[in-house]
Amino acid sequence: MTDWYAAGLEHIWLPYTQMKTVTPPLAVASTQGTRIRLSDGRELIDGIASWWTACHGYNHPHIRAAVQTQVERLPHVMFGGLVHEQALTLARRLAQILPGDLDRVFFSDSGSVSVEIAMKMAIQYFLNKGERGRSKFVSFRHGYHGDTIGTMAVCDPDEGMHSLFTGLLPEQWVVDLPDTPEKLAALEAFFQTNGERVAGILVEPLVQGAGGMKMHGAKVLRHLRRIADAHGTLLIFDEIFVGFGRTGTMFACEAAGLVPDIVTLSKALTGGTMALAATIATKRVFDAFWDDRPSAALMHGPTYMGNALACAAANASLDLFENEPRLIQVSAIEAHLAHALPACRDLPGVVDVRVKGAIGVVELAAIGDLNALKRAFVAEGVWVRPFGNIVYLTPAFTATEEDLATLTGAVHKVLSARV
């Protein structure tokens, strides 16, 4: 093992990890394409694209060149009173490819913060319009929107990661998605009673990611749009996981043929290269902040907002979506997953197999020894990170048919060996 590993491990605090009992993390030497190369010489096919970010694979030469060029010219400059080409170009391009009039882009540097900003926008939108009392949010069970204090409050309080903080978090309304007639009726009744207090409805469209990869149809989203309009509240789509092609269209909202009032983006925004997020609002929302009163301005501004290196990476990533067949590749991945993963249905303990775009999920009754399962995947030469009660694949869109066969074969083999 390399010297830096032992010397540094004594001082690092890892995410979502009980460090006393967890299997030590693997030391990575380099990445390329769909491969993670370890310091001990082993090579793993990445089945989850580094938490769903590396949609073009690792070290794509076009993104690398864009960042190298930018670092020589302008790595960063404060976004208060100054702007630069990369950020303004990226804002314009995002507005062009998003549906409807989602055309005002507020940059930040993490997905959680982008959701916090969306919530802040929604509340101040009503305050600026002279409507007081709208300070609550409706979100949904199995939902995940981030790890900050505000976003923890709109995650699933029971099945999420944040029940420990009950009492600290502001109380929000977390309800069932209206994916059955009964749940739709319950949500409509809820809004009849509480609608005047709701600033926003917050949802992960089509797939609820970190809450268990739960999938729902576009019809659910149309119900939410109708309810939001009927009660004068804002509809917020958290597309941090599903945006940029993961579900088969560039943005998940396109599948429903509707435009949310606010959308949040991150993860694949820079192709997995740099930290960057965006909160994009419609003209209607932005117009509530366009005012002579200084107090009507959105008072928020991350230090590294609009970072030039990150924006250069994001612009290069958008180039690849324009010039390489990413959505066709997603369709091919979906076809492979839909063909290969159903063989897992007959394995002991498997309760469901589901696929949407470049997302494949095998749900188990229970995982048991999570660390042992992770080690088993590494032994098969793949990087797959089960959580909760699911094993899932979200590979880079550039994964080859051979990569996919190795990944799906490893899932079947590892789950077949479970006792």
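User: How many residue pairs are in polar contact across the interface of domain 1 and domain 2?
Analyst: The rule finds 9 such pairs, both residues at pLDDT 80 or more. A polar contact here is a pair of N or O atoms within 3.5 Å; within protein, one must be able to donate a hydrogen and the other to accept it, and residues adjacent in sequence count only if both atoms are side-chain atoms. This is a predicted model, where local features need pLDDT of at least 70, side-chain atom pairs count only at pLDDT 80 or more, and totals for chains, interfaces and linings use all residues. Residues are numbered from 1 along each chain as its sequence is written, and side-chain values use heavy atoms, with hydrogens and water left out.

User: Why is the pair K214 and E363 called a salt bridge?
Analyst: Happy to show you! The closest N and O atoms of K214 and E363 are 3.7 Å apart, and the term asks for a side-chain nitrogen of Lys or Arg within 4 Å of a carboxyl oxygen of Asp or Glu, so the pair qualifies. The count between domain 1 and domain 2 is 1 salt bridge.

User: What makes up domain 1 and domain 2?
Analyst: Domain 1 takes 3-59 + 325-417, and domain 2 takes 74-323; such bounds come from an automatic or database domain assignment. Their centres, taken over C-alpha atoms, are 27 Å apart.

User: How many residues of domain 1 are in contact with domain 2?
Analyst: 27 residues of domain 1 are in contact with 27 residues of domain 2, contact meaning heavy atoms within 4.5 Å.

User: What area is buried between domain 1 and domain 2?
Analyst: About 2200 Å², with carbon and sulfur atoms giving 68%. Buried area is the accessible area (1.4 Å probe) that two parts lose on being put together, summed over both.
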